[in-house]
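Trainee: I have a chain to go through before the afternoon. Can we take it in short questions?

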Amino acid sequence: MLMAHPAVLRNLIEQYETLKVLRAEDGGAEVRRRMDDLAYTLCVCTGTRDVDAALIAARHRLPGARPEDDSVLTA
């Protein structure tokens with residue numbers, strides 16, 4: 001599997017989290033569409049199938065990540 005560069009992952013995470021805040025304030029179609037695009041890209045970059053898992057996997061690939069970061073939560 002190809003691995004995204006940590007700078008790319010950091011950028012995707014920041015964009016997704018920013019839009020998540022905007023979506024809470026203004027759930028416009030453009031924000032939802034961009035969030036969907038970012039979620040898909042994060043999933044592809046991390047080899048996961050949902051955005052929550054993708055965010056966890058992406059954070060673990062960033063420099064300085066510790067094994068304890070973003071521990072898996074039970075459903």
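Mentor: Start with a definition. A salt bridge is a side-chain nitrogen of Lys or Arg within 4 Å of a carboxyl oxygen of Asp or Glu. Keep in mind that this is a predicted model.

Trainee: By that rule, what is the N to O value for the side chains of R33 and E30?

Mentor: The cut-off is 4 Å between the nitrogen and the carboxyl oxygen. R33 and E30 are three residues apart in helix 2, so about one helical turn separates them. Their side chains meet in a salt bridge, N to O, at 3.0 Å.

Trainee: Is E30 buried or exposed?

Mentor: Exposed means over 50% relative accessible area. R33, its partner in the salt bridge, is partly exposed at 46%. E30 has 53% relative accessibility, so E30 counts as exposed.

Trainee: How many salt bridges does the rule give?

Mentor: Side chains of opposite charge can pair when their charged atoms come close. R33 and E30 form one such bridge. R59 and E17 form another, at 2.2 Å from N to O. By this rule the count is two.

Trainee: How many residues apart are R59 and E17?

Mentor: This pair links distant parts of the chain. R59 sits in helix 3 and E17 in helix 1. R59 is partly exposed at 26%, and E17 is partly exposed at 33%. Along the chain, their separation is 42 residues.

Trainee: What pattern does the chain follow along the sequence?

Mentor: Count the elements. The chain has three helices and zero strands. Read along the sequence, the pattern is α-α-α.

Trainee: Which element gives the most residues to the largest nonpolar core?

Mentor: That core has 17 residues, and I13, Y16, L42, V51 and L55 touch the most other members. Helix 1 (6-25), helix 2 and helix 3 each give two or more residues. The element that gives the most, with seven residues, is helix 2.

Trainee: Which residues does V51 contact, leaving aside neighbours within four places in sequence?

Mentor: V51 lies in helix 3, residues 51-60. V51 has a relative accessible area of 18%, under the 20% cut-off, so it is buried. Its C-alpha atom is 9.2 Å from that of D36, 15 residues away along the chain. The contacts of V51 are Y16, A39, L42 and C43.

Trainee: And which residues does I13 touch, not counting those up to four places away in sequence?

Mentor: I13 is one of the core members that touch the most others. L42 and L55 belong to that group as well, and I13 touches both. The full list for I13 is L42, L55, A58, R59 and L62.

Trainee: Is I56 buried or partly exposed?

Mentor: I56 lies in helix 3. The C-alpha atoms of I56 and I13 are 9.8 Å apart, with their positions 43 residues apart along the chain. Buried needs under 20%. I56 has a relative accessible area of 27%, so I56 is partly exposed.

Trainee: Which backbone oxygen does the side chain of T46 reach?

Mentor: T46 is in helix 2, residues 29-46. T46 is buried, at 4% relative accessible area. Its side chain reaches, at 2.7 Å, the backbone oxygen of L42.

Trainee: Last one: what percentage of the residues count as buried?

Mentor: Look at the surface as well. The chain exposes about 5300 Å², and carbon and sulfur atoms supply 55% of that. Of the 75 residues, the share that count as buried is 27%.

Notes
Residues are numbered from 1 along each chain as its sequence is written. This is a predicted model: local features need pLDDT of at least 70, side-chain atom pairs count only at pLDDT 80 or more; totals for chains, interfaces and linings use all residues. Side-chain values use heavy atoms; hydrogens and water are left out. Helices (H or I, at least four residues) and strands (E, at least two) are DSSP runs, numbered from the N terminus. Buried means under 20% relative accessible area, exposed over 50%, partly exposed in between (1.4 Å probe, protein chains only). A polar contact is a pair of N or O atoms within 3.5 Å; within protein, one must be able to donate a hydrogen and the other to accept it, and residues adjacent in sequence count only if both atoms are side-chain atoms. Contact means heavy atoms within 4.5 Å. A nonpolar core is a set of buried Ala, Val, Leu, Ile, Met, Phe, Trp, Tyr and Cys residues joined through side-chain atoms within 4.5 Å. Accessible areas come from the Shrake-Rupley method with a 1.4 Å probe; for residues, only the protein chains shown count as cover.
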